[in-house]
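Colleague: I would like to understand the reasoning behind the labels in this model. Could you take me through them?

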Amino acid sequence: MMNHPAASSSRRVLLGISGGIAAYKACELTRLLVKAGHQVQVAMTDAATRFVGPLTLQALSGRPVALDSWHPLRASGMDHIDLVREADAFVVAPATADLLARAACGLGDDLLATLLLARDAVPTLLAPAMNRAMWAHPAVQRNAEQLRRDGVRLAGPGSGEQACGEVGDGRMLEPEQLLWEIEALWRPRLLQGRRVVLTAGPTFEPWDAVRGLSNRSSGKMGWALARAAWEAGAQVVLVAGPTALEPPHGVRTVPVETAQQMRDAVLAELELAATDLFIGAAAVADWRPQPAAEGKLKKTAGGEPPVPRLLLNPDILAEVAALPHGPYCVGFAAEAEQLLANAQAKRERKGVELLVANLGPQTFGRDDNACLLIDSTGAREFPRMSKLELARRLIEEIAARLAARG
Ligand code: C5P
């Protein structure tokens with residue numbers, strides 16, 4: 001999974017925990033939120049304290065945990081109002097079937113339920129977690145629908161193996177996925193209703209059965225762009241070369257290996273549905289070795305080393321940019337020197353609207369990056385920052401240009 005550089009701005013999260021086995025994952029969520037630079041105030045139901053100790057959450061959040069209205073943390077004695085007024089987001093993870101029912105009915109029978117009543121305009125996200133039959137029950141579905149109508153965001157549940165041994169829908173999203181969902185609450189929905197296809201990572205061009213040509217691209221910049229576009233409300237398809245990264249949450253990932261496969265996958269996606277934006281962030285191998293004979297090339301004693309013959313790969317970005325009525329195209333250029341001049345020439349050669357130019361050796365594999373954003377009117381410099389922060393800034397720039405195009 002990706003590292004989390006400290007968030008550009010620290011936010012206050014009120015984290016409610018209700019009583020389900022997934023409560024243990026709320027510990028990890030607290031840790032991730034704190035690591036990302038946010039302040040966390042935990043509020044637990046009585047049942048939640050049967051699963052994890054409040055002291056654990058106090059230690060992880062650095063704050064006493066709010067447990068009931070009769071022993072308030074705030075001097076006002078008004079925890080059920082003050083804790084949610086102080087928050088930039090209100091998250092309940094896990095949200096049990098019982099919690100959903102109480103929230104949907106507007107009960108105030110414990111502190112957490114009362115906080116949900118008092119939430120007002122605070123962005124609120126519930127992460128349901130329960131057995132698959134409980135989640136499928138019409139009463140639970142009714143409550144979930146009611147909560148959505150009341151303006152609450154439901155994140156998940158995911159699907160898979162459950163603590164009870166059954167398999168199906170009802171698993172709480174993973175803490176990392178919830179972190180993405182929470183941070184998305186604060187992002188402007190600049191790409192709402194837009195479809196984005198992007199390429200990321202390296203390609204691997206096989207020579208024989210075991211060897212091949214690739215490069216040092218980690219995929220981190222493309223992953224950050226996929227996340228930033230998803231946060232902005234876009235429907236995102238990530239055509240990804242081989243990397244060590246987990247498929248990003250909320251994004252449809254199409255794994256490929258070679259440049260040819262990447263090209264075919266991109267064109268198939270563009271055929272599939274109207275696409276507003278194409279971002280070529282992949283480090284596509286310019287050449288591929290002509291495939292050697294079947295199997296593995298053998299080293300023969302005293303024999304000459306074999307020399308691969310290289311063939312030119314398709315230029316995916318140039319091909320997409322040349323499509324009639326194609327999407328708005330953004331390319332990346334990893335240069336080794338003469339950044340501005342080389343990148344300006346590349347933008348024109350590829351026929352793309354926008355080109356993001358960075359210095360290859362100073363970006364590959366790192367969690368931060370700096371770049372020049374080049375369009376027909378000139379260049380704008382973005383200083384070194386986390387790839388996620390940079391991706392968010394780039395998405396803002398791109399969304400403004402898309403909006404101007406209509
Ligand atoms: O490798 P190059 O500097 O030409 O890459 C510039 C841009 O073109 C990048 O956005 C990259 O994703 C894209 N590209 C491509 N297909 C290639 C080579 C590069 O889409 N064969």
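Here is a short conversation about the labels and the values behind them.

Modeller: Happy to. Please keep in mind that this is a predicted model. The protein chain has 13 helices and 19 strands, and its C-alpha trace spans about 80 × 55 × 40 Å along the principal axes.

Colleague: Let's begin with one residue. Why is Gln-162 called buried?

Modeller: Its relative accessibility is 9%. Buried means under 20%, so Gln-162 counts as buried. Gln-162 belongs to the loop between β6 (158-161) and β7 (167-171).

Colleague: What makes the pair of Gln-162 and Met-130 a polar contact?

Modeller: A polar atom of the Gln-162 side chain lies 3.1 Å from the backbone oxygen of Met-130. The cut-off for such a pair is 3.5 Å, and 3.1 Å is within it.

Colleague: And why is Gly-378 called partly exposed?

Modeller: Gly-378, in strand β19 (residues 378-386), has a relative accessibility of 23%. Partly exposed lies between the 20% limit for buried and the 50% limit for exposed, so Gly-378 counts as partly exposed.

Colleague: How much of the protein chain is made up of buried residues?

Modeller: Buried residues make up 50% of the 406 residues in the protein chain.

Colleague: Now the ligand. How do you know which backbone atoms are in polar contact with the ligand?

Modeller: Again, the test is a pair of N or O atoms within 3.5 Å. A backbone N or O atom of Pro-314 is 2.7 Å from a ligand nitrogen atom, and one of Ile-316 is 3.0 Å from a ligand nitrogen atom. For Phe-332, a backbone N or O atom is 2.7 Å from an oxygen atom of the ligand. Each of these distances passes the test. On its own the ligand has 440 Å² of accessible area, and the protein covers 89% of that.

Colleague: Where does the ligand sit?

Modeller: In the largest pocket. The elements giving two or more residues to the shell around the ligand are α11 (316-321), β16 (328-335) and α12 (339-350).

Colleague: What makes four residues of that shell charged?

Modeller: Asp and Lys are among the types that count as charged, and the residues around the ligand include Asp-286, Asp-315, Lys-346 and Lys-350. Gly counts as polar, so Gly-280 and Gly-331 go in that class. The shell has six nonpolar, two polar and four charged residues.

Key. Residues are numbered from 1 along each chain as its sequence is written. This is a predicted model: local features need pLDDT of at least 70, side-chain atom pairs count only at pLDDT 80 or more; totals for chains, interfaces and linings use all residues. Side-chain values use heavy atoms; hydrogens and water are left out. A residue is near a molecule or strand if one of its heavy atoms lies within 4 Å of it. A polar contact is a pair of N or O atoms within 3.5 Å; within protein, one must be able to donate a hydrogen and the other to accept it, and residues adjacent in sequence count only if both atoms are side-chain atoms. Accessible areas come from the Shrake-Rupley method with a 1.4 Å probe; for residues, only the protein chains shown count as cover. On a 1 Å grid over the protein atoms alone, a cavity is a set of points where a 1.4 Å probe fits but cannot get out, and a pocket is an open set with protein on both sides within 12 Å along at least five of seven lines; lining residues have an atom within 4 Å of a point. A molecule sits in a cavity or pocket if more than half of its atoms lie within 2 Å of its grid points. Helices (H or I, at least four residues) and strands (E, at least two) are DSSP runs, numbered from the N terminus. Buried means under 20% relative accessible area, exposed over 50%, partly exposed in between (1.4 Å probe, protein chains only).
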